[in-house]
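Subject: Structure handover

Hello,

Here is the structure I said I would pass on. My notes on it come after.

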Amino acid sequence: VPIGGSVRLVNPLAASSFTLSGVDPQCTEVAAPPLFSSAEQAAEALELYWMALLRDVPFAEWESDPLVARACTDLSRLSHYDAAREDGRITPKTLFRGATKGDRTGPYLSQFLWKEAPFGAIRLEQRVRTATAGLDYLTQRDEWLAVQNGAPAAIRHANAYRYIRTLRDLASYVQFDFSYQAFQTACLVLFGMQRTTDAQFPYKGAPYDSHNPYRGAKTQTGFITFGVAQALDLVARVSDDALKASWHHKWNVHRRLRPEEFGGRVHETLAGNAKHPIHEELLASDALARVRDAHGSWYLPQAYAEGAPLHPSYPAGHAAIAGACTTVLKAYFDESWAFDDPVVPTADGTALAPYSGERLTIGGELDKLATNIAFGRDAAGVHWRSDGLAGLLLGEAVAMSVLADVRLCCAEEFGGFSFTKFDGTVVTV
């Protein structure tokens, strides 16, 4: 089928692919996303407009920034906003966060996106190539329409590499990461952690989960099974399985429109050129007025010049990978272990400084990492909150089905993989 422009659709036939381990993609379930005209859809759109307005405010300044305070007040008034709250309200401590305990503890960003990672004999500093502050895209009709019709777009970046400190930095990370990059890095960080000796597991690295058959073994270690080789393999393996499941729902079931397309409908409605069924709770927000003052339009400002990828929005592929890979890592490592030597970036993002706030655990920071990767795409303007939340749960279910098969293929005496799900329940697979 001919399409406009030179940008091609992303792999629709993957929606009909199968796997030989775990559940087949077509046998997974995902709840329906919010309706176009619903208050839920309006709330998710308003969140994205505020994310766009706050892209360049450092996380460290959220407590004192007046625009952050205004966003919290505006989002708190919504009738159907499925987001973390504090005493019934959105606050700077809960703004744009997920629902797990780890999401709500400590800095907005997970330690796994800041900490140095051992890569064999190489040490990886996690400085990202950042985007130019204040530079947003698709805010004018000609530019917006050209991208909708498949025109290629030039990518422009600042020259600086720095630690992630803003939503724009996070959006840059999830623009160019390979599929399971954040979680392979997290796995390497965990195996390379420096810590005091644990009598049950006297090796360098974070301790394995208590169910691991080698945690208390005196004469053997895990490697190909229940060790580093299997952990790295599973992180990669479940990522592709999760993507296949996500693609099935994207192309075969929901085909949800992207936020930039919804933003076009918002603009046409407020400009008086059309009348789309958009809920009043969005149209009444001063976030739209602020975007109009900044750009002369009501289009949703995009962090990427090319806008969203050419595949449907729901559920998010990044989030499905995040849910699957995080589940594997929580099943492998002791979630309760405190994260050693936590850090935060300096004000200019060029170095890391010690963090001395709330106790951060491996499980909590893994949950936070999953949400960061999912919501980082929201910060760019290419996904909805419910895309991310549904993707996390889908990835979790896919990973659990793969782990169930892995359990059947080992020779060790093993009671099963135990971990905390995103909903807070502890399960054994």
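The notes below cover salt bridges, one unpaired acid, two helices, a loop position and the cysteines.

Please keep in mind that this is a predicted model.

Salt bridges

The structure contains 18 salt bridges. Three of them are described here.

Arg70 pairs with Asp286, with 3.0 Å between the closest N and O atoms. Arg70 belongs to helix H2 (residues 66-76) and Asp286 to helix H9 (residues 286-295), so this bridge ties together parts that are 216 residues apart in sequence. Both ends are partly exposed: Arg70 has a relative accessible area of 30%, and Asp286 has 23%.

Arg168 and Asp136 form another salt bridge, at 3.1 Å from N to O. Here Arg168 sits in helix H4 (residues 167-176), while Asp136 is in the loop between strand E3 (128-129) and helix H3 (141-148), and the two are 32 residues apart. Arg168 is buried, at 2% relative accessible area, and Asp136 is buried as well, at 15%.

The third is Arg141 with Glu268, at 3.2 Å from N to O. It joins helix H3, which holds Arg141, to helix H7, which holds Glu268, across 127 residues of sequence. Arg141 is partly exposed, with a relative accessible area of 43%, whereas Glu268 is buried at 17%. Going back to the second pair, shared partners join Arg168 and Asp136 with Arg55 and Asp56 into one network of salt bridges.

An acid without a partner

Which side chain of opposite charge is nearest to Glu281, a buried residue with no salt bridge? That side chain is Arg77, 5.3 Å away, and the cut-off for a salt bridge is 4 Å, so the pair does not count as one. Glu281 is located in helix H8 (residues 280-283). Leaving aside residues up to four places away in sequence, Glu281 touches Ala39, Leu46, Arg77, Leu78 and Ser79.

Two helices and a loop position

Helix H11 (residues 362-380) has 19 residues and spans 27 Å between its first and last C-alpha, close to the 27 Å expected at 1.5 Å a residue. There is a bend of about 25° in H11 at Ala374. Because 19 of its 19 residues are buried, H11 is largely enclosed by the rest of the structure. Gly381 follows H11 and has a positive phi, near 90°.

Helix H10 (residues 317-332) has 16 residues and reaches 23 Å from first to last C-alpha, close to the expected 22 Å. H10 is mostly covered, with 16 of its 16 residues buried.

Ala271 is in the loop between helix H7 (259-270) and H8, and is partly exposed at 33% relative accessible area. Its C-alpha lies 34 Å from that of Ala319, with the two positions 48 residues apart along the chain.

Cysteines

How many disulfides does a search of the whole structure find? The search returns zero. Cys27 is in no disulfide, and the nearest cysteine sulfur, in Cys409, is 19 Å away. Cys27 is exposed, with a relative accessible area of 56%. For Cys187, the closest cysteine sulfur is that of Cys325 at 9.7 Å, which is too far for a bond. Cys187 is buried, at 0% relative accessible area.

Regards

How values were computed
Residues are numbered from 1 along each chain as its sequence is written. This is a predicted model: local features need pLDDT of at least 70, side-chain atom pairs count only at pLDDT 80 or more; totals for chains, interfaces and linings use all residues. Side-chain values use heavy atoms; hydrogens and water are left out. A disulfide is a pair of cysteine sulfur atoms within 2.5 Å. Buried means under 20% relative accessible area, exposed over 50%, partly exposed in between (1.4 Å probe, protein chains only). Helices (H or I, at least four residues) and strands (E, at least two) are DSSP runs, numbered from the N terminus. Lys and Arg count as positive and Asp and Glu as negative; His and the chain ends are not counted. Contact means heavy atoms within 4.5 Å. The expected span of a helix is 1.5 Å times one less than its number of residues. The bend at a residue is the angle between axes fitted to the seven residues ending there and the seven starting there.
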